[in-house]
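Biologist: I should be grateful for a close look at the charged side chains of this structure. Please take one part and describe its surroundings in full.

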Amino acid sequence: MAVILSGKEVVEQKKIDIRRRVQQLKSNGVQPTLDIAMVGDREDSLAYIKGAHKALDSCGIECRVSSYPETITIGHFIGEIQKKNNDDSVHGIIIMRPLPGSLDWKMVEETLSPAKDVDCITPSNLAGVFSGLRDVFYPCTAQAVIDILDYYHIDLKGKNVAVVGRSMVVGKPVSMMLLQRDATVTISHSKTADLEKVVSAADIVVAAAGKPGLVKDRHVKQGAVVIDVGINFVEGRLVGDVDFDSVEMKASMITPVPGGVGSVTTGVLMEHIAVAAENICINVKKI
Ligand code: NAP
């Protein structure tokens, strides 16, 4: 039976440091603030915002939400992002995805200031992840996976890691980050011919496919460490990309859903907002 790697424990540890830094910023007259831009009113976006709001509030970080109608033009939306870039009271900006098809994502990601890009969507921050720079914001979820592995002292050097999924949000950046830690990384995707063969060779599995219960016990080597990034709603229940009940019997360690990667992702976001606020303060010599 696997040891459960609690994300809640990791995030509680992070919160101690975040609260201290937020306090320091506030004592210098700075209120760390995140601005979330949302187009339309998707249910999953609203659920994310509600969760983020609660978590940020618990650490003294302000969370503003700017809502726009789906009819907004790309010119107007770009103008709104530029306003946020130039607003000194905003330290981090998140743009909820997906955007309506009428809004060109490439134009949006190129407009956002990398200094406020706390979830790594801008080409320059992404380039930093792929080239291994440390002074850029890494994608929060990918960073959360690494932070969980670090917190539980799981050594990555020379380990075979199977990443299931190749999105720019999770799969690709986390693979680059694992590679920087000297892991031997295999990336699989929907066209992978034999998922079982690839994944069952791994010491560590990172599942980020968005397919409920895709990774089953037959995919997992005895004693492997399994990190489940998936967030899926099935019949009103939150489940991951790993078939927890069967894999738990075979893995040595496993993250739960909920209470795993998702909890830590919000913690990483708060760390990034604190860093963004500190950086801006240093630039204007307030701190
Ligand atoms: P995505 O953009 O839909 O990408 C999914 C990836 O999985 C794609 O690369 C896809 O391959 C691959 N895939 C799909 N079916 C597969 C299969 N049968 N075998 C192997 N690979 C398969 O999703 P995402 O944004 O990366 O998110 C992945 C999951 O993580 C979702 O459940 C999402 O909700 C969750 N998530 C969690 C957090 C968090 O904080 N915990 C944050 C972000 C996302 P192709 O490239 O070939 O299509």
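Modeller: What follows concerns the salt bridges of helix α1, and then a buried aspartate without one. The model is a predicted one, and a search of the whole of it finds 15 salt bridges.

Within helix α1, which covers residues 7-27, Lys15 pairs with Glu12, their closest N and O atoms being 3.9 Å apart. These two residues are 3 apart in the helix and are therefore separated by about one helical turn. Lys15 is buried, at 12% relative accessibility, whereas Glu12 is partly exposed at 42%.

Asp17 forms a salt bridge with Arg21, with 3.1 Å between the closest N and O atoms. Here the spacing in helix α1 is 4 residues, again about one helical turn. Asp17 is partly exposed, with a relative accessible area of 29%, and Arg21 counts as buried at 15%.

Arg21 also forms a salt bridge with Glu278, the closest N and O atoms lying 2.9 Å apart. Because Glu278 belongs to helix α10 (residues 261-283) and Arg21 to helix α1, this pair ties together parts that are 257 residues apart in sequence. Both Glu278 and Arg21 are buried. Through shared partners, salt bridges join Asp17, Arg20, Arg21 and Glu278 into one network.

Asp228, in strand β8 (residues 225-228), is buried yet has no salt bridge; Arg237, the nearest side chain of opposite charge, is 11 Å away. Polar atoms of the Asp228 side chain instead lie 2.8 Å from the backbone nitrogen of Asp241 and 3.1 Å from that of Val242. Beyond its neighbours within four places in sequence, Asp228 is in contact with residues including Ala207, Gly240 and Thr255.

Key. Residues are numbered from 1 along each chain as its sequence is written. This is a predicted model: local features need pLDDT of at least 70, side-chain atom pairs count only at pLDDT 80 or more; totals for chains, interfaces and linings use all residues. Side-chain values use heavy atoms; hydrogens and water are left out. Buried means under 20% relative accessible area, exposed over 50%, partly exposed in between (1.4 Å probe, protein chains only). Lys and Arg count as positive and Asp and Glu as negative; His and the chain ends are not counted. A salt bridge is a side-chain nitrogen of Lys or Arg within 4 Å of a carboxyl oxygen of Asp or Glu. A polar contact is a pair of N or O atoms within 3.5 Å; within protein, one must be able to donate a hydrogen and the other to accept it, and residues adjacent in sequence count only if both atoms are side-chain atoms. Contact means heavy atoms within 4.5 Å.
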